[in-house]
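Here are some short exercises to work through with the structure open beside you. Try each task on your own before reading its solution.

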Amino acid sequence: MKSIIGISLRVTNAEKYTEKRDSISHDWPILLEKLGFSPLLIPNTISDIPSFLDEMKISGLILSGGDNIGDDEVRDVTENMILNYAISHNLPLIGICRGMQVINTFFGGKVQTLDNSNHVNKDHLINITNHSLFQNKKIQVNSFHHNIIKSSDLGKNLSTFAISQTDDTIEGLIHDNLPIFGVMWHPERNPDSNSIILIKKIFSQND
């Protein structure tokens, strides 16, 4: 039986319609299915997220990227409930870009916004400082974010495992006691060997 991985969704405004919709890139379901997982999309309007996740028998969780914290309150609330669920059930969770920022702020950290485009649509090298996820000392990743996390802004019980060579901002974090991870790049957009290693290792936590 395949492990079921739940994915949070961004909230978008539908063109030509006066309604909001949940959405996600096709990249995630394609990647998860390729790796042998079953993707489950988590609607932002579910009234009881914990009961929904219980019924779906979730094995792991992803806080997806896109948009900023504060852009939509419903998504903010939903993703915080997802994070609380992961903590209470000791489930592996990874936050992608915005998702990593959600994790950091959840644990009392801060996020800053750049006044330049040094991290927007620019691949760059990162230094791996904790080799529990990657054996390489450095890897190349994609980059699509204006917001950054500095070492001085890291949340409680969070540690760094990857640092940008460009400006020493945090590109990867890990919780000291829980199977919670965050990366500022998008593994789903460039599913190379490093992306596959990352996702497989994280969602093999409960195997």
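Before you start, keep in mind that this is a predicted model.

**Exercise 1. Two loop residues with positive phi**

Task: Where is D67 found, and is D67 buried, partly exposed or exposed?

Solution. Step one is to place the residue: D67 is found in the loop between β5 and α3. Step two is to look up its relative accessible area, which is 36%. Partly exposed covers the range between 20% and 50%, so D67 counts as partly exposed. Step three is the backbone: D67 is not a glycine, yet it has a positive phi of about 70°.

Now try the same steps on K57. This residue sits in the loop between α2 and β5, which spans 60-63. Its relative accessible area is 63%. Exposed means over 50%, so K57 is exposed. K57 is not a glycine either, and it has a positive phi of about 55°.

**Exercise 2. How α2 meets α3**

Task: At what angle do helix α2 and helix α3 pack, and which word describes that arrangement?

Solution. Begin with the helices themselves: α2 covers residues 49-56 and α3 covers residues 73-89. They pack at an angle of about 55°, and their axes are 9 Å apart. Angles of 65 to 115 degrees count as roughly perpendicular and those under 35 as roughly parallel, so α2 and α3 are oblique to each other. The crossing of these two helices is right-handed.

Next, find the residues that meet. From α2 come I49, P50, L53 and D54, while α3 brings T78, M81, I82, Y85 and H89. Sorted by type, the residues of this contact are six nonpolar, two polar and one charged.

Finish with one of these residues, P50, in helix α2. Its relative accessibility is 32%, so P50 counts as partly exposed. As a distance check, the C-alpha atoms of P50 and L178 are separated by 18 Å, and the two residues are 128 residues apart along the chain.

**Exercise 3. How α3 meets α4**

Task: How do the axes of α3 and α4 cross, and which residues meet there?

Solution. The axes of α3 and α4 come within 11 Å and cross at roughly 70°. That angle makes α3 roughly perpendicular to α4. The crossing of α3 and α4 is right-handed.

Now list the partners. On the α3 side they are R75, D76, E79, N80, L83, N84 and I87, and they meet R98, V102, I103 and F106 in α4. Among the residues of this contact, five are nonpolar, two are polar and four are charged.

**Exercise 4. Is α4 enclosed or open?**

Task: How many of the nine residues of α4 are buried, and which ones are they?

Solution. Buried means under 20% relative accessible area. Seven of the nine residues of α4 are buried, so this helix is largely enclosed by the rest of the structure. The buried residues are R98, G99, M100, Q101, V102, I103 and N104.

Look at N104, which has its place in α4, residues 98-106. N104 has a relative accessibility of 0%, so it counts as buried. Setting aside its neighbours within four places in sequence, N104 is in contact with G109, K110, I149, D153, L154, G155, L158 and L173.

Then turn to I103. Not counting residues up to four places away in sequence, I103 touches L63, L83, L93, G95, L158, L173, I180, F181 and G182. The largest nonpolar core has 53 residues, and I103 is one of those that touch the most other members, along with L61, I62, L93, I94, W185 and I199.

To finish, step past the end of the helix: just after α4, G108 takes a positive phi of about 90°.

**Exercise 5. Two more loops**

Task: Where does T45 lie, and where is N130 found?

Solution. T45 lies in the loop between β4, 38-42, and α2. With a relative accessible area of 67%, T45 is exposed. T45 and N68 are 23 residues apart in sequence and 19 Å apart in space, C-alpha to C-alpha.

N130 is found in the loop between β8, 124-128, and β9, 138-141. N130 has a relative accessible area of 26%, so it is partly exposed. Leaving aside neighbours within four places in sequence, N130 is in contact with T160 and F161.

Note on methods:
Residues are numbered from 1 along each chain as its sequence is written. This is a predicted model: local features need pLDDT of at least 70, side-chain atom pairs count only at pLDDT 80 or more; totals for chains, interfaces and linings use all residues. Side-chain values use heavy atoms; hydrogens and water are left out. A nonpolar core is a set of buried Ala, Val, Leu, Ile, Met, Phe, Trp, Tyr and Cys residues joined through side-chain atoms within 4.5 Å. Buried means under 20% relative accessible area, exposed over 50%, partly exposed in between (1.4 Å probe, protein chains only). Contact means heavy atoms within 4.5 Å. Axes are lines fitted to C-alpha atoms, for helices over the stretch in contact, and angles run from 0 to 180 degrees between N-to-C directions. Helices (H or I, at least four residues) and strands (E, at least two) are DSSP runs, numbered from the N terminus. Angles under 35 degrees count as roughly parallel, over 145 as roughly antiparallel, 65 to 115 as roughly perpendicular and the rest as oblique. A crossing is left-handed if the near helix is turned anticlockwise from the far one by less than a right angle, and right-handed if clockwise. Ala, Val, Leu, Ile, Met, Phe, Trp, Tyr, Cys and Pro count as nonpolar, Asp, Glu, Lys and Arg as charged, and the others, Gly among them, as polar.
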